[in-house]
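Welcome! Here are some exercises to help you read a protein structure step by step. Have a look at the picture, then work through each task before you read its solution.

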Amino acid sequence: MSASVPVLARKAGGRARRILRKSRRRARRVARRHLPPPSTWHLTLPGFDRLLDLRWAARIRRAPVMTPDQHASTFTDPARRGVAIERPIPCALCGGSRLQELLHVYDHRRARPRWNYHVVRCAGCGFLFRHPGIRPERLGELYASGRYAKFLGGKYEEKRRRRYEVTMAPFGTLFQAGEGRRLLDFGCGNGLFLELAHGRGFDTYGVDLAEDAVAAARERPGGSHAYHGAPGDVPEIAAGGFDVITMWSVLAHLAEPVEDLTMLRGLLGPEGVLLLLTVNAGSLKLKRQLETWDGFTPNHLIFFSPETLPRLLRLAGFGAVVMPPWYGEPVERGASRLRARDQRTLRRAIDRGNRGNMLRAAAFADPDGPRRWGLEGQSLG
């Protein structure tokens, strides 16, 4: 007996659904072959960056303005890690007291976050920083666990070596040869960069707040002049006259950036240069990820952008700065899996305002410094 009409209809409907599912899977496979990875869409999909800029601008417009004391009392949290060494502070860059609550960041990698803090924006100069801030005299307590050297070692070392090379490459010969030049690594950690600089011929010195990291640095080539504490505590460093000072992912850890960079400027010779690498508060990745951005870590206090960093350097007494955009290590090393077309789109998106995830800069004591090294610099007036 032939099948009834309802049975035939159900079979036809089942075939249709299977065909639809297959077509959707096929469409997704085709899309994956033609679209770049979703993690790069903020840099590789035309127009995505502009949408993120608009969303970020809207967040700033909606953010309420309050004083440091008002913000600290509104968002008080006695259980927060580090609360005992916090205090309400004005803007660490311009001294302004009009703060905007932007983000409540936290340890999003764990079901029970181990740390959290609030990121505010100075309504006067646009600087982003953690609030309440850490008392400067208690800053060393963030690095007193005795485990910092271990954190800096292992597999992380190879990544850091690549990062050093990629960061310095756009500056040409500026950091290639160290014969006859003195170098201070401010925040030297376990001495990995001191070892690299020593291999290039620099006369190397280093300071760090983590005592265990300094002990590890002293075991490396070039680390014999690594010290625990501040530069002013070590006579041969306090005497100054350095040709190069480096800050590798250190700037974000400072409680008083203007004072600290002014001190470092005083340690440079007349033609000296400060090289720094830090997270970029103007990055498209931050605007996409917001609270979960990887630039928000438990010990980061301040977040500079291409607009606020030159202001800091000018206040500290530097004459000129060179800030090549950061395209990411795979792209700059020629190891990216992105298609050439997507890499071009990525570079264009970052070039519109220096919006890579990291910010690198070479700040010169002498306004004419960039020209002497064949670089195009920005005068800091």
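Leucine 290 sits in the loop between helix α11 (284–289) and strand β12. Keep in mind that this is a predicted model.

**Exercise 1. A leucine in a loop**

Task: Describe the phi angle of leucine 290, and decide whether leucine 290 is buried or exposed.

Solution:
- Step 1: Start with the backbone. Leucine 290 has a positive phi of about 55°, although it is not a glycine.
- Step 2: Turn to the cover. The relative accessibility of leucine 290 is 10%.
- Step 3: Apply the cut-off. Buried means under 20% relative accessible area, so leucine 290 counts as buried at 10%.

**Exercise 2. An asparagine to go with it**

Task: Find the loop that holds asparagine 354, then work out its phi and its burial.

Solution:
- Step 1: Asparagine 354 is in the loop between α14 (340–351) and β14 (358–364).
- Step 2: The phi of asparagine 354 is near 55°, a positive value in a residue other than glycine.
- Step 3: Asparagine 354 has 9% relative accessibility, so this residue counts as buried.

**Exercise 3. The open sheet**

Task: Put the strands of the five-stranded open sheet in order, and name its edge strands.

Solution:
- Step 1: Read across the sheet. The order is β1-β3-β4-β5-β12, with antiparallel pairing.
- Step 2: Look for strands that pair on one side only. These edge strands are β1 (65–66) and β12 (302–303).
- Step 3: Zoom in on one pair. Strand β4 (residues 116–122) and strand β5 (residues 128–131) run antiparallel and are joined by four bridges. Here valine 120 stands opposite phenylalanine 129 in β5.
- Step 4: Add the helix. Helix α3 (residues 48–62) packs on the sheet and touches β3 (99–106), β4 and β5. The direction of α3 makes about 120° with that of β3.

**Exercise 4. A special peptide bond**

Task: Which two residues are joined by a cis peptide bond, and where is the proline located?

Solution:
- Step 1: The cis bond joins histidine 131 and proline 132, with omega at about -5°.
- Step 2: Proline 132 belongs to the loop between β5 and β6 (133–134).

**Exercise 5. A covered strand and its partners**

Task: Describe how strand β7 is covered, and find the strands that β7 pairs with, β8 and β10.

Solution:
- Step 1: Count the buried residues. In strand β7 (residues 182–186), five of the five residues are buried.
- Step 2: Sort them by face. Arg182, Leu184 and Phe186 lie on one side, Leu183 and Asp185 on the other.
- Step 3: Take one partner. β7 pairs with strand β8 (residues 203–208) in the parallel sense over five bridges, and leucine 183 stands opposite threonine 204 in β8.
- Step 4: Follow the chain. From β7 the chain passes through helix α7 (residues 192–199) to β8, in a right-handed β-α-β crossover.
- Step 5: Take the other partner. β7 and strand β10 (residues 242–248) run parallel and are joined by three bridges. The bridge partner of aspartate 185 in β10 is threonine 246.

**Exercise 6. Stepping back**

Task: Summarise the whole protein chain in a few numbers.

Solution:
- Step 1: The protein chain has 15 helices and 15 strands.
- Step 2: Of its 381 residues, 49% count as buried.
- Step 3: The protein chain exposes about 18700 Å², and carbon and sulfur atoms supply 53% of that area.
- Step 4: Among contacts between residues at least 6 apart in sequence, 72% join residues at least 24 apart.

Notes. Residues are numbered from 1 along each chain as its sequence is written. This is a predicted model: local features need pLDDT of at least 70, side-chain atom pairs count only at pLDDT 80 or more; totals for chains, interfaces and linings use all residues. Side-chain values use heavy atoms; hydrogens and water are left out. Helices (H or I, at least four residues) and strands (E, at least two) are DSSP runs, numbered from the N terminus. Buried means under 20% relative accessible area, exposed over 50%, partly exposed in between (1.4 Å probe, protein chains only). Contact means heavy atoms within 4.5 Å. Accessible areas come from the Shrake-Rupley method with a 1.4 Å probe; for residues, only the protein chains shown count as cover. Two strands pair if DSSP finds at least two bridges between them. Axes are lines fitted to C-alpha atoms, for helices over the stretch in contact, and angles run from 0 to 180 degrees between N-to-C directions. A crossover is right-handed if, with the strands pointing away from the viewer, the path from the first strand over the helix to the second runs clockwise.
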